[in-house]
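User: I'm new to reading structures and I get lost quickly. Could you pick one part of this model and take me through it slowly, along with whatever packs around it?

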Amino acid sequence: MSLSDDDLRKAREQASVLADALPFLRRYAGDTIVIKYGGHAMGDSTLADAFGHDVALLKLVGVNPVVVHGGGPQINSMLDRLQIKSSFVDGLRITDAAMVDVIEMVLSGSVNKQVAALINRAGALAAGISGKDGGMIRATKLTRTVRDPDSHIERALDLGFVGQPSAIDTRILYALSGSGVIPVIAPVGVGEDGQTYNINADTAAGAVAGALNATRLLMLTDVPGVLDENKQLIPELSAEEARRGIASGMISGGMIPKVETCLDAVKAGARAAVILDGRVPHACLLELFTSGGPGTLIRAA
């Protein structure tokens, strides 16, 4: 069968892409990549479908992806339906006993299975699990303090059942990955007393990446990455440069906790972390298999 000139051109372009990707495929073969999935990449159906295919492709070419997902909009929708009001402090949802049950139901139920289904439909094998399964994410109650603007006295703020990871048991993750299964994790943890805790998805992904000594933590966000004083993307930062950026105010607002999560991950054992623009189609593949990923990479040194 003869090809038209246009078909031949497309075939040559595809072959060129595969040839260019070969060195990167070799670099990451057998490595663990932890991906925090959320934001616009999760809410847009086209991007969500592309994400499922990207994660499936990673597994098929010999990479071991582990997905940790969020679900804020879905939680908000369910709370609205149940007429449960919620409030936030520093981006953290104050979580009472009734609310933590709803959050677990949404994150570990519908959202978790939807994300796993995206990957399964793309041809790989994914299993949705909760951080509570097998005691994988051990958690403690997260505490925050606020300073009174008049008296300057600090007081403890009770966030309810909001937790932070205290330990990650990686056995179930290695068991799944070693069996050819991609773990898809809902960021819900369990305390020593069996209490369920709602954990920020970024924080959970960073803790998992550190515990697995992941080659990369990919944090899909709704921003291009870390920007300098001129609002230009910074492609790469060392951990020390990132800390100086926070101290100087160059890194500010909602970017601070994301950068701090990356710093915690590389300190705990991840080789590098990337704040990645999840609004860009195939952002994960661009970051791993080309020389110009759409984000900011933070290294340990």
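Analyst: Let's start with the labels. Helices (H or I, at least four residues) and strands (E, at least two) are DSSP runs, numbered from the N terminus. Take T95 to try that out: you'll find this residue in the loop between β4 (92-93) and α5 (97-121). Keep in mind that you're looking at a predicted model.

While we're at T95, is this residue buried or exposed? T95 has a relative accessibility of 1%, and because anything under 20% counts as buried, T95 is buried. Setting aside residues up to four places away in sequence, T95 touches V100, I103, L159, G160, F161, V162 and N198. Hang on to I103, as it will come back later.

Now for the main part, strand β2. It covers residues 64-69, and six of its six residues are buried. In a regular strand, side chains alternate between the two faces of the sheet. You can follow that here: N64, V66 and V68 sit on one side, P65, V67 and H69 sit on the other, and all of them are buried. In other words, β2 is covered on both faces.

What does β2 pair with? Strands of a sheet pair through backbone hydrogen bonds, either parallel or antiparallel. Strand β1 (residues 32-37) runs parallel to β2, and six bridges join the two. Strand β10 (residues 182-186) also pairs with β2 in the parallel sense, over two bridges.

A good residue to stand on is V67, which belongs to β2. Look one way and you see I35 opposite V67; look towards β10 and V184 is the residue opposite. V67 counts as buried because its relative accessibility is 0%. Leaving out neighbours within four places in sequence, V67 is in contact with I35, Y37, F51, V55, V115, I119, P183, V184 and I185. Y37 from that list is a nice example of what folding does to sequence distance: Y37 and V67 are 30 residues apart along the chain, yet their C-alpha atoms are separated by 6.7 Å.

Zoom out a little and β2 turns out to belong to an open sheet of eight strands, ordered β5-β10-β2-β1-β13-β15-β16-β14, with mixed pairing. The edge strands are β5 (126-130) and β14 (236-238), each pairing on one side only. On average, neighbouring strands in this sheet are turned by 20 degrees against each other, if you ignore direction. Going from β2 past β1, you reach strand β13 (residues 216-221), which pairs with β1 in the parallel sense over four bridges. Along that pairing, I33 stands opposite R216.

Some helices lie across the sheet too. Helix α8 lies across β14 and β16 (295-299), at about 95 degrees to β14. Helix α9 lies across β13, β15 (272-277) and β16, at about 150 degrees to β15.

How do these helices meet each other? Two packed helices are described by the angle between their axes and the distance between the axes. For α8 (residues 239-248) and α9 (residues 255-268), the axes come within 11 Å and cross at roughly 155 degrees. Angles over 145 degrees count as roughly antiparallel, and α8 and α9 therefore fall in that group. A239, A242, R243 and I246 of α8 make the contact with I256, V259, E260 and L263 of α9. By class, that contact has six nonpolar, no polar and two charged residues.

On to another partner of α9: helix α7 (residues 201-211) packs against α9 at an angle of about 15 degrees, with the axes 7 Å apart. That makes α7 roughly parallel to α9. D202, T203, G206 and G210 of α7 meet K258, T261, A265 and A268 of α9. Here the classes come out as two nonpolar, four polar and two charged residues.

Finally, back to I103. Helix α4 (residues 72-81) and α5 have axes that come within 10 Å and cross at roughly 125 degrees, which makes α4 oblique to α5. Q74, I75, M78 and L79 of α4 contact M99, V102, I103, M105, V106, L107 and V111 of α5. This contact has 10 nonpolar residues, one polar and no charged. I103 is also one of the residues that T95 touches, which brings us back to where we began.

Definitions and conventions:
Residues are numbered from 1 along each chain as its sequence is written. This is a predicted model: local features need pLDDT of at least 70, side-chain atom pairs count only at pLDDT 80 or more; totals for chains, interfaces and linings use all residues. Side-chain values use heavy atoms; hydrogens and water are left out. Axes are lines fitted to C-alpha atoms, for helices over the stretch in contact, and angles run from 0 to 180 degrees between N-to-C directions. Angles under 35 degrees count as roughly parallel, over 145 as roughly antiparallel, 65 to 115 as roughly perpendicular and the rest as oblique. Contact means heavy atoms within 4.5 Å. Ala, Val, Leu, Ile, Met, Phe, Trp, Tyr, Cys and Pro count as nonpolar, Asp, Glu, Lys and Arg as charged, and the others, Gly among them, as polar. Buried means under 20% relative accessible area, exposed over 50%, partly exposed in between (1.4 Å probe, protein chains only). Two strands pair if DSSP finds at least two bridges between them.
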